[in-house]
Amino acid sequence: MTVPFLDLKAINAQYRDELVAAATRVIDSGWYIQGNEVKVFEEEFADYCGIKHCIGVANGLDALTLTLRAWKEMGKLKEGDEVIVPANTYIASILAITENRLKPVLVEPDEATFNLCPEKTAAAITPNTKAIVAVHLYGQISPMPELMQLADEHGLLVLEDAAQAHGASIEGRKAGSWGHAAGFSFYPGKNLGALGDAGAVTTDDEELSKIIRALGNYGSHKKYENLYQGVNSRLDEIQAAMLRVKLLHLDDEIESRRNVAEYYLAHIDNPKIQLPAVGNRESHVWHLFVVRSTMRDKLQQHLAEQGVQTLIHYPLPPHQQQAYKPFSEISLPLTEEIHRSVLSLPMGPHLTPEQVSQVIEAVNRV
Ligand SMILES: *Cc1c(COP(=O)(O)O)cnc(C)c1O
């Protein structure tokens, strides 16, 4: 029996009746863009995160890009300003920076958590640094109290990339409520996944929220009046309706993920495999369960032979991608080592106890 890495069909099948009812409601309403579903989802998701404003957009990359763009429109950022970002992030975090002609400063992560740490971040600050993009990679929230303090001391903006961390929290405060703004993705495979592309920005800053909303709607805050040269990046009514259903089940799914992770952590005891480090239960929502091994490729092949599907997040760091040729000279040994050694085990609310045991046995037998 194969253990699937992720099974979106099985996950969404559990909520089929609710999803069909929600889709039917939208179809029958005759209103498909910027209507009641989006408005209510934005309120519900803002409440979930514990923040004042949520602005639905077309995807997670736009959530990040439009936030940085809005700060430029507000005069808080300008072309060429330096933005600190973890070097080992998914490339979207960096695309949002370069799309705005800001300068990404790639910082090595903390080896144990894969996230920015206060020390290495502090060391990267120069007089040109204006913002930090704190990525909560694999579902574990970054050390936000320390990063916010550092940002306060240096007058920096903080944008959380919370695309993988819906519901993760520190000190009872959720991802998306710590920074000056946060970008979320609701790509189908994310912990809170739509049935297509979707994203959102969360913030307590009302002016920022209005500008982002206008930027995503052709730069218009009012029909046929354009304040900015905006884009079209809106959350569809039908995706908002899907997300309202999925949000009701998010905490239960996170609980399932935590149970799987705890089982892996307690029972994988192969000395050739390094398990992920986790602070406390609330800080991690286990979007991915990432182990490290010096013999990663052999491990992956062995697991495949045992029917265990795995993936690599990510095979090549952004600075070594063709898209970022100018960065190819930069040496980031830790980031490069992470990309050579990481392997993501099956993770999700779809896994049965038998499948979890099968993964553990296969990993321990290598
Ligand atoms: C998925 C993801 C994004 C981009 O979200 P999309 O909705 O796919 O555009 C950005 N940052 C991180 C860390 C992600 O995992």
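**Close-up views of a predicted two-domain model**

**Figure 1. A salt bridge joins lysine 78 and aspartate 81.** The closest N and O atoms of lysine 78 and aspartate 81 are 3.0 Å apart, a salt bridge being a side-chain nitrogen of Lys or Arg within 4 Å of a carboxyl oxygen of Asp or Glu. Lysine 78 is exposed, with a relative accessible area of 51%, whereas aspartate 81 is buried at 5%. Here buried denotes under 20% relative accessible area, exposed over 50%, and partly exposed the range in between (1.4 Å probe, protein chains only). The model is predicted, so local features need pLDDT of at least 70 and side-chain atom pairs pLDDT 80 or more, while totals for chains, interfaces and linings use all residues. Residues are numbered from 1 along each chain as its sequence is written, and side-chain values use heavy atoms, without hydrogens and water.

**Figure 2. Further salt bridges involve helices α3 and α9.** The count of salt bridges comes to 17. Lysine 39 pairs with glutamate 43 at 3.4 Å between the closest N and O atoms; both residues lie in helix α3 (residues 36–49), four residues apart, about one turn of the helix. Helices (H or I, at least four residues) and strands (E, at least two) are DSSP runs, numbered from the N terminus. Lysine 39 is partly exposed at 49% relative accessibility, as is glutamate 43 at 42%. Glutamate 255 and arginine 281 form another salt bridge, with closest N and O atoms 3.2 Å apart. Glutamate 255 belongs to α9 and arginine 281 to the loop between α9 and β12 (289–292), so this pair ties together parts that are 26 residues apart in sequence. Salt bridges with shared partners also link Arg25, Glu37, Glu44 and Arg244 into one network.

**Figure 3. Asparagine 115 is buried in a loop.** This residue is found between β3 (103–107) and α6 (118–123), and its relative accessibility is 1%. The side chain of asparagine 115 reaches the backbone oxygen of glutamine 140 at 2.8 Å. Beyond neighbours within four places in sequence, asparagine 115 is in contact (heavy atoms within 4.5 Å) with residues including Pro109, Asp110, Val135 and Gln140.

**Figure 4. Helix α7 has a buried side.** In α7 (residues 144–154), Met144, Leu147, Met148, Leu150 and Ala151 are buried. These residues cover an arc of only 160° around the axis, which puts them on the same side of α7; the arc is that of the directions from the helix axis to the C-beta atoms. The buried residues of α7 are covered by elements including α6, β4 (129–135), β5 (157–161) and β6 (169–170). Asp152 and Glu153 are exposed on the face turned away from the buried side. Just after α7, glycine 155 takes a positive phi of about 65°.

**Figure 5. Domain 1 and domain 2 meet at an interface.** The domain assignment, which is automatic or from a database, gives domain 1 (8–243) and domain 2 (250–365). The contact takes 34 residues from domain 1 and 36 residues from domain 2. About 3,000 Å² is buried between the two domains, 61% of it on carbon and sulfur atoms; this is the accessible area (1.4 Å probe) that two parts lose on being put together, summed over both. Glu108, Tyr138 and Asn191 supply 24% of the area that domain 1 buries against domain 2, more than any other three residues. One salt bridge is counted between the domains.

Note on methods. A polar contact is a pair of N or O atoms within 3.5 Å; within protein, one must be able to donate a hydrogen and the other to accept it, and residues adjacent in sequence count only if both atoms are side-chain atoms.
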